[in-house]
Amino acid sequence: MKKMQPSTPTMPVPTPKTCLDQVNILYNTHHLCCDGYYTLALSDTTVSLWKLFTKAIKAIFYRQNTDTLDEDITIKEYETLHDALHVAAAARHINLTDYRDPQARTLQRLRTNLITFVAFKNYNRSQDMIRALTDEHGKIRSFAAFQREAIKLGESYLRHQLEAEYTTVVAAAQSAAQWDDFIRQAHIYPYLVYKTQHDDKVRPAHDLLHDVARHIDDAFWDIYYPPNGWRCRCYVLQAKSDQGYRTEPDAYPDDKSLPPVFRHNPAKSGKVWNNKHPYFQHIKPEIKKKILRTKFNLLNNQRLFDVIDGIEVHYSNYGNDNFLKELNIAKTIQFQFPNNTIQILPQIEEKGLNIPDFKIGDTLLEYKSFDTVNISTIEKQIIHATIQLTNNRYKDVQSRIVLVQFNNNVDEDRIVGKFNSIDLVKQYNMQLWIRKNETIIKHKVNPEQD
C-alpha cells in the first residue's frame, strides 16, 4: 500500500484565536454537500437546555455556584446526542437494549465517548462565559451587556454546534453499526468500496476517495471510513474484489479538507469524536483531571440506565468484557430480592478501587469469582471486596453483601472464618454469600442476626 500523504490544496482560513473559533471553523457548514439527512428538531430536551442556560447566565454574573447547573446542562446535552443514537438505531432497526446484537453493542460503546465529549464541551462553554464578563478593555460588563454576549455563546454552543454534533452522531452511529454487517459478510465480500453521492454537492476532498476499493483489513479504513466531515453523505459498499475500482486515490485529503478529528473508524475506536477535537486541546493536566472527575459524576448519574430483563444496566457497562457474566449474576440474585430493582452499577474507578458491582434496593453487593484454589489469594480479594462496599457514594445503604464463587476444593469454612474476622465486616454487619451451582448459601457475621 502506498504511503498516505495529504496533498489536496485548500482555501486559506483565518487563524483561530479561541477554542470557539476553532470549532466554528471545524463545523463550517458552508459546504454544499452539507445537506444532511438529519437535523436537530426542537424538543422538550432542547427547550429545557435553553432554560437551564438562561439560569446559568444570571448565576455566573452574580458569582453564584454553578456546579449543579453545569451538570444539568451537560446531562441535557448528552440526552440530546443520545437521542441521535436512537435515531441511528431506529433507521437500521436496531434495539439498543439487545445485548445479543453486535450492532447494538457497537452503538452502546459510543455512549461513554458522548459523555466525555459533553463534559469537555461544557468546560469550554463555561470558560467562554466567564471571559465574557469583561470587555476587550478588561472592564466588567453590565448585566445587560454580559447577557448579550452570553446569548451569542449559547446560540453557538447549544444550537448551531449542537445541531452539527447531533447529525454527526447519527452518521457515525449508522456507519459504525454497518461495519458489523461488513465484518459478518467479509468471507464472501472481503473488499470495501468508498462512495460519495457523486453529485455537484460533494466536497472535492471526498471526491478524491470515490470508488477507491481496499480489503476490509486494510489500514485505509482506519482513517478514511466515513463520516469524513460534518454532515458527510459518503458511504461504503462491499465487493468480492477490487476489480473495476481504483486501489489508490489521485491524492489524499489534507488535514484542512479532512480534519484529524474524523480520521478514525468509529466502530473500531468506539468513539464519535477522537482527542483531536478542539474541546480536548490545550487544557492543562490539572484541569483535565477536574473535567474527568465531572465525567465520572455524569457516568454515575441515575438517569443513564437501560432496563434489560427487569435489570437496570448502567450505560458504562456495555463496554465491559464481563458484562454478560454480570448480567447472568444479576439474574441469579434477582430471585433473592423479588421486590427490588437490581442495578448493575457504573464501571468507575475511584482511588484505585472500582465501585461495587450491584445495588439492590438499599443493599450493595460485590461479586467475586475465583478459578484459583490458593486460599491466600482468595482471602486478599475478599478483603478487597469489603473495602469496595464502603464506597462513600453509597454510604446510606442499609446492608452490604460479598457474593463469591470458587472451586469446590476450596476450604469453605476457612473462607467464612476469615470473612468474619475482618473489621469492616463487623463494623458494617456485612454478609458473605457463596454461589454454588446456581444456588446461593448465605452466611452472616453473627449467626443470630436476623
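**Helix 3, its packing partners and the cysteines**

A search of the whole structure, a predicted model, finds zero disulfides. A disulfide is a covalent bond between the sulfur atoms of two cysteines. Cysteine 232 takes part in no such bond. Its nearest cysteine sulfur belongs to cysteine 234 and lies 3.6 Å away. A pair counts as a disulfide when the sulfur atoms are within 2.5 Å, so the cysteine 232 and cysteine 234 sulfurs do not qualify. Cysteine 232 is buried, with a relative accessibility of 9%. Cysteine 19 is also buried, at 14%.

The largest nonpolar core has 127 residues. Leu81, Trp273, Phe358 and Leu365 have the most contacts inside this core. Helix 5, residues 143–184, gives the most to the core, with 16 residues. Leucine 81 touches Trp273, itself among the residues with the most contacts in the core. Beyond residues up to four places away in sequence, leucine 81 also touches Leu114, Phe117 and Val118. Its further contacts are Leu162, Glu165, Tyr166 and Val169.

Helix 3 spans residues 67–91. The axes of helix 3 and helix 5 come within 8 Å and cross at roughly 35 degrees. The crossing is right-handed. From helix 3, the contact draws on Glu77, Thr80, Leu81, Asp83, Ala84, Leu85, Val87, Ala88 and Ala91. These meet Tyr157, Leu158, Leu162, Glu165, Tyr166, Val169, Val170, Ala173 and Gln174 in helix 5. By class, the residues of this contact divide into 13 nonpolar, two polar and three charged.

Two further residues of helix 3 were examined, lysine 76 and histidine 82. Lysine 76 has a relative accessible area of 18%. Buried means under 20%, so lysine 76 counts as buried. Outside its neighbours within four places in sequence, lysine 76 is in contact with Thr45, Ser48, Leu49 and Leu52.

Histidine 82 is buried, with a relative accessible area of 6%. Not counting residues up to four places away in sequence, histidine 82 touches Arg111, Leu114 and Tyr315. Leu114 is also among the contacts of leucine 81. The C-alpha atoms of histidine 82 and valine 169 are separated by 8.3 Å. Along the chain, these two residues are 87 residues apart. Val169 is one of the helix 5 residues in the contact with helix 3, and leucine 81 touches Val169.

Methods:
Residues are numbered from 1 along each chain as its sequence is written. This is a predicted model: local features need pLDDT of at least 70, side-chain atom pairs count only at pLDDT 80 or more; totals for chains, interfaces and linings use all residues. Side-chain values use heavy atoms; hydrogens and water are left out. Helices (H or I, at least four residues) and strands (E, at least two) are DSSP runs, numbered from the N terminus. Buried means under 20% relative accessible area, exposed over 50%, partly exposed in between (1.4 Å probe, protein chains only). Contact means heavy atoms within 4.5 Å. A nonpolar core is a set of buried Ala, Val, Leu, Ile, Met, Phe, Trp, Tyr and Cys residues joined through side-chain atoms within 4.5 Å. Axes are lines fitted to C-alpha atoms, for helices over the stretch in contact, and angles run from 0 to 180 degrees between N-to-C directions. A crossing is left-handed if the near helix is turned anticlockwise from the far one by less than a right angle, and right-handed if clockwise. Ala, Val, Leu, Ile, Met, Phe, Trp, Tyr, Cys and Pro count as nonpolar, Asp, Glu, Lys and Arg as charged, and the others, Gly among them, as polar.
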